[in-house]
Structure formats: C-alpha cells, structure tokens
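Trainee: Please take me through the surroundings of the ligand in detail. I would like one connected account.

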Amino acid sequence: MDIILLGPPGAGKGTQAQRLVERHGMRQLSTGDMLRAAVKAGSPVGLQAKAVMERGELVSDEIVSALIGEELDALATGQGAIFDGYPRTAAQAKSLDAILAARGRTLAQVIELEVDEDALVARICGRYTCANCGKGYHDTFEQPKVPGTCDKCGSHEFKRRPDDNEDTVRTRMGEYRAKTAPILPIYEARGIVARVDGMADIDNVTAAIEGIIKR
Ligand code: AP5
Ligand code: MG
Ligand code: ZN
C-alpha cells in the first residue's frame with residue numbers, strides 16, 4: 001500500500017511517517033531527507049539543491065522525481081511506500097502517476113494533515129533530530145525519555161536544520177500554499193483524500209492515521 005502524507009512544513013509528515021515505518025514496515029520516502037543527504041555528500045544534486053533549500057524554495061521537479069524513482073526501485077517486494085514531502089507541484093503529481101504505473105504500483109490514500117499555520121513556526125523552530133539515526137524530537141513537544149540521549153539508538157549527538165528559522169519557514173509556507181495545496185483536487189477527484197486533525201497531539205494523530213489505513 002502506497003500513501004502520500006501531505007501538509008505544510010511542520011505539519012508532522014516526518015513524525016508520522018517514522019511511526020508508520022516502525023508499525024508496518026513501510027518505507028519512508030522523504031525527498032527533503034534525500035536532498036539533505038545529497039547536500040551533505042556534496043553530490044551534483046546536493047550542490048544544485050543547497051542554496052535553494054536554504055532559501056526555502058522548491059528544488060526542480062526533475063531532480064526530486066528522479067530521486068523518488070531510484071528509491072522506489074530499492075524497495076522490498078510488497079513493501080509499501082510513504083511519500084513524505086512529495087509530490088509538491090502539479091508536475092510532480094503527474095510524474096508520480098507515471099513512476100507508480102511503470103512499477104505496477106497504485107496510490108491507495110492521500111492523507112492531509114490539517115494544521116493551524118500559527119503553530120507551525122513554534123514547532124519547526126523547536127525541532128531537532130538524532131545525528132546518528134535521524135529520529136525526530138522537539139524542545140517542548142517530544143523530548144527524549146532520558147535527556148540528551150536518543151530513545152532509539154542511544155546517541156548523544158543531535159542536530160538542527162539550517163532552513164528551520166522563522167524567515168525561511170515563512171517562505172516554505174508560501175511555497176506550500178502556492179504550489180502544493182493546489183494539487184489536492186487531483187486526488188480528491190479520485191476519492192482518495194482523507195483529512196486528519198494535525199493539531200491533535202502526536203499519538204492522537206497517529207491513531208487517526210491508523211484508522212484510515214485500516215479501512
Ligand atoms: P522537507 O524536508 O520536506 O520539509 P517541509 O515540507 O518543510 O516539512 P518539514 O520536514 O519541515 O515538516 P514535517 O511535516 O515533516 O514535520 P515534522 O514531523 O518534522 O523539505 C525541505 C526542503 O527540501 C524544501 O523547502 C525544498 O527546498 C526541498 N524539497 C523537499 N522535497 C521537495 C520536493 N518534492 N520538491 C521540491 N523541493 C523539495 O514535525 C515538526 C516538529 O513538530 C517536530 O519537532 C515534531 O516533533 C513536532 N510535531 C509533529 N507533530 C506534532 C503534533 N501533532 N503536536 C506537536 N508537535 C508536533
Ligand atoms: Mg519532514
Ligand atoms: Zn538516534
């Protein structure tokens with residue numbers, strides 16, 4: 001089963017995708033994570049993406065669709081994909097249809113995380129991740145059980161994203177409103193959109209998503 005998690009920056013796409021991975025053995029395909037890895041590695045894609053991401057603008061459709069195709073080919077047989085942060089434009093939505101069709105896969109569900117934009121800056125500006133395993137945390141909303149120690153892998157190293165500052169977050173939100181929100185009708189017409197209250201606490205959002213994918 002392949003699903004899209006759709007929502008503005010800070011909506012909780014990554015947080016919920018990590019939980020689906022743990023519970024269902026699905027694979028999280030986050031174009032943001034793939035691009036950050038490319039930037040870190042200094043690959044040609046990374047060199048092209050770095051400044052664009054730091055401004056909070058969108059990287060080209062061709063680059064991200066190519067990344068998604070490669071990652072899908074690495075999935076185990078029968079393993080479901082969670083698209084996190086992709087597609088983000090009408091052109092990417094079209095590419096995804098072709099990418100899935102070429103591999104005999106079908107999109108089961110688009111889950112929109114509905115959130116109040118005012119809360120997102122606080123969420124994003126408090127966010128950090130484990131530098132070793134990537135598990136996400138938040139200064140206020142999701143702290144490690146033992147302070148300074150990752151729950152999942154025990155590492156003591158954490159990091160913050162360079163695009164997680166208020167100015168860049170505002171640009172990212174503008175990009176979402178202008179280019180990403182308008183793709184929802186494509187999926188609404190197919191009857192596969194479900195909405196979840198992304199302002200509920202993290203466990204309740206997970207429960208709502210579980211209810212949708214079990215239907
Ligand atoms: P990307 O990495 O996808 O960033 P984003 O869409 O801006 O989304 P975030 O990762 O910021 O938010 P999230 O929804 O995952 O929230 P999270 O779960 O972490 O993209 C980054 C950049 O890469 C883009 O700006 C663009 O340049 C480029 N890019 C990526 N994909 C692209 C594409 N397809 N096309 C073109 N360019 C692309 O949660 C946030 C925080 O809130 C966490 O700390 C979490 O603990 C906390 N939290 C989560 N849920 C809750 C809750 N219910 N209550 C309280 N706190 C919560
Ligand atoms: Mg994310
Ligand atoms: Zn860790």
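Mentor: Here is the ligand site, followed by one helix pair. The model is predicted: local features need pLDDT of at least 70, side-chain atom pairs count only at pLDDT 80 or more, and totals for chains, interfaces and linings use all residues. Residues are numbered from 1 along each chain as its sequence is written, chains are lettered from A and ligands numbered from 1 in the order in which they are written, and side-chain values use heavy atoms, with hydrogens and water left out.

Start with the shell. Around ligand 1 there are 35 residues (a heavy atom within 4 Å). Thr15, Glu57, Arg88, Arg127 and Arg172 come nearest. By class, 14 are nonpolar, ten polar and eleven charged (Ala, Val, Leu, Ile, Met, Phe, Trp, Tyr, Cys and Pro count as nonpolar; Asp, Glu, Lys and Arg as charged; the others, Gly among them, as polar).

Now the polar contacts (N or O pairs within 3.5 Å). An oxygen atom of ligand 1 sits 2.5 Å from a side-chain N or O atom of Thr15. Backbone polar atoms also take part: Lys13 at 2.9 Å from a ligand 1 oxygen, Tyr137 at 3.0 Å from one. Protein covers 95% of the 1000 Å² of accessible area that ligand 1 has on its own (Shrake-Rupley, 1.4 Å probe).

Among the elements (DSSP runs; helices H or I, at least four residues; strands E, at least two), α1 (13–24), α2, β6 (136–138) and α9 (202–214) each give two or more residues to the shell. The largest share, four residues, comes from α2.

Helix α2 also packs elsewhere. Its Thr31, Met34 and Leu35 meet Ile63, Val64, Leu67, Ile68 and Glu71 in α4 (heavy atoms within 4.5 Å). These residues divide into six nonpolar, one polar and one charged.

Methods: A polar contact is a pair of N or O atoms within 3.5 Å; within protein, one must be able to donate a hydrogen and the other to accept it, and residues adjacent in sequence count only if both atoms are side-chain atoms.
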